[in-house]
Amino acid sequence: MRRKHKHEAEEAGIDMTPMLDIVFIMLIFFIVTTSFVKEIGIEMNRPTDAPPQTKQESEVILIEIQETGQIRMGGRTVDVRAVQANVERARAEKPDSTVVVAAHGGANAGILVQVVDQARLAGATNVSVASSVE
Amino acid sequence: MARKHARKGDEAAIDMTPMLDIVFIMLIFFIVTTSFVKEAGLEVRRPAAETATPQVRGNVMIAVSETGDVWMSKRKVEVDQVRILVQQAKAENPEGSVVIIADERAPTGVVVRVMDEARLGGTEQVAVAAREGSGS
């Protein structure tokens with residue numbers, strides 16, 4: 001009987017208060033610092049400095065953006081909404097080609113994103129971005 | 001005497017085990033999900049894009065304002081500094097990637113230069129932030 005009593009007292013004697021304090025402080029810290037905001041965006045590539053020698057000029061679909069925001073493809077001025085159809089047609093002719101968007105340094109980034117978006121809608125997975133010096 | 005004994009018994013009877021279990025589970029959840037995002041510190045008008053995807057690993061934000069100013073870690077920086085700052089961020093979190101938050105009217109030249117500097121800083125994947133919806 002006496003032994004049992006002693007055993008009970010020992011069990012109740014474990015003081016968890018300091019550990020609990022620390023756990024609560026950590027919990028509050030992580031709750032406060034957690035941010036679940038995730039940016040959405042489109043991935044863009046830069047053309048490598050040394051292009052492989054086997055790459056032909058004809059395998060590149062070039063889209064130019066001028067300073068005024070005009071888009072030129074294959075010598076013609078095209079609308080932003082027409083880029084998708086144009087890229088689709090060019091890709092049908094040359095399926096392995098990569099899309100390169102060459103933007104003037106002063107052009108708006110919004111147009112660049114729209115053009116890259118249109119090219120991605122047309123099925124081009126790898127869109128590279130180049131920019132001329134301001 | 002009898003009353004005192006009863007109170008002692010009451011105090012010892014509070015069972016904190018279920019609460020502790022929940023607290024620990026919450027703690028582990030928050031530790032696992034926390035990612036320390038380096039905010040750019042500038043709000044811009046994001047361009048719209050239909051193919052935009054969530055950037056799960058993106059934790060370094062670089063903002064480019066309408067006038068071509070580059071903002072990083074809540075202060076304005078020069079374009080040349082971006083490389084070093086990205087290198088520092090990569091040292092802290094090697095798995096992170098860079099998200100450039102460019103204003104709709106930001107000059108493309110600055111955006112592309114920031115992209116180059118970020119790649120020189122050691123990130124393979126650079127994304128440009130957008131909002132969902134068709135742009136035209």
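Guide: Helices are DSSP runs of H or I of at least four residues, strands are runs of E of at least two, and both are numbered from the N terminus. B:K38 is found in the loop between α2 and β1 (48–49) of chain B. This is a predicted model, in which local features need pLDDT of at least 70 and side-chain atom pairs pLDDT 80 or more, while totals for chains, interfaces and linings use all residues. Residues are numbered from 1 along each chain as written, and chains are lettered from A and ligands numbered from 1 in the order written.

Visitor: Why is B:K38 called buried?

Guide: Count its neighbours. B:K38 has 22 other C-beta atoms within 10 Å. Buried means 20 or more (12 or fewer is exposed, in between partly exposed; C-beta atoms are placed from the backbone). A count of 22 meets that cut-off, so B:K38 is buried.

Visitor: Which residues are in contact with B:K38, beyond its neighbours within four places in sequence?

Guide: They are B:N59, B:V60, B:M61, B:S73 and B:A89. Contact means C-beta atoms, placed from the backbone, within 7 Å. Another reference point is B:Q87: 49 residues from B:K38 in sequence, 13 Å from B:K38 in space, C-alpha to C-alpha.

Visitor: How much of chain B counts as buried?

Guide: The figure is 35% of its 136 residues. As for sequence range, take the contacts in chain B with a separation of 6 or more. Residues 24 or more positions apart account for 74% of those contacts.

Visitor: What makes up the secondary structure of chain B?

Guide: Chain B has 4 helices and 8 strands. Along the sequence the pattern reads α-α-β-β-β-β-β-α-β-α-β-β.

Visitor: How do you know that β1(A) and β7(B) pair?

Guide: Count bridges. Strands pair if DSSP finds at least two between them. β1(A) and β7(B), residues 126–129 of chain B, have 4. That satisfies the rule, so they pair, and the sense is antiparallel. Within this pairing A:I42 stands opposite B:V128.

Visitor: What else pairs with β7(B)?

Guide: Strand β6 of chain B, residues 97–102, does so in the parallel sense. Here there are 3 bridges. B:V99 faces B:A127 across this pairing.

Visitor: Which sheet holds these strands?

Guide: An open sheet of 7 strands with mixed pairing, in the order β2(B)-β1(A)-β7(B)-β6(B)-β3(B)-β4(B)-β5(B).

Visitor: What makes β2 and β5 of chain B edge strands?

Guide: Each pairs on one side only. β2 covers 53–54 and β5 covers 75–77.

Visitor: How does α4(A) lie against the sheet?

Guide: α4(A) packs on the sheet. This helix touches β1 of chain A together with β3 (58–64), β6 and β7 of chain B. Its direction makes about 75° with that of β1(A). Angles of 65 to 115 degrees count as roughly perpendicular, under 35 as roughly parallel, over 145 as roughly antiparallel, and the rest as oblique. About 75° falls in the perpendicular range, so α4(A) is roughly perpendicular to β1(A).

Visitor: Why is α3(B) called oblique to α4(B)?

Guide: The axes of α3 (residues 82–92) and α4 (residues 108–120) of chain B cross at roughly 45° and come within 8 Å. That angle makes α3(B) oblique to α4(B). Axes are lines fitted to C-alpha atoms, for helices over the stretch in contact; angles run from 0 to 180 degrees between N-to-C directions. At the contact, B:V82, B:R83 and B:V86 in α3(B) meet B:V114, B:E117, B:A118 and B:L120 in α4(B).

Visitor: What makes α2(A) oblique to α2(B)?

Guide: α2(A) and α2(B), residues 17–33 of chain B, pack at about 40°, with their axes 9 Å apart. About 40° is in none of the three named ranges, and that makes the two helices oblique. α2(A) contributes A:V23, A:M26, A:L27, A:F30 and A:I31. From α2(B) come B:V23, B:F24, B:M26, B:L27, B:F30 and B:I31.

Visitor: How many residues are in contact between the two chains?

Guide: 36 residues of chain A are in contact with 44 of chain B. On chain A, the elements giving two or more residues are α2 (17–33), β1 (40–44), α4 (109–121) and β6 (127–131). α4(A) gives the most, with 8 residues.

Visitor: Which face of β6(A) is covered, and which uncovered?

Guide: A:V127, A:V129 and A:S131 form the covered face. A:S128 and A:A130 form the uncovered one. β6(A) also pairs with β5 (residues 98–103) of chain A, in the parallel sense over 5 bridges. In that pairing A:V101 has A:V129 as its bridge partner.
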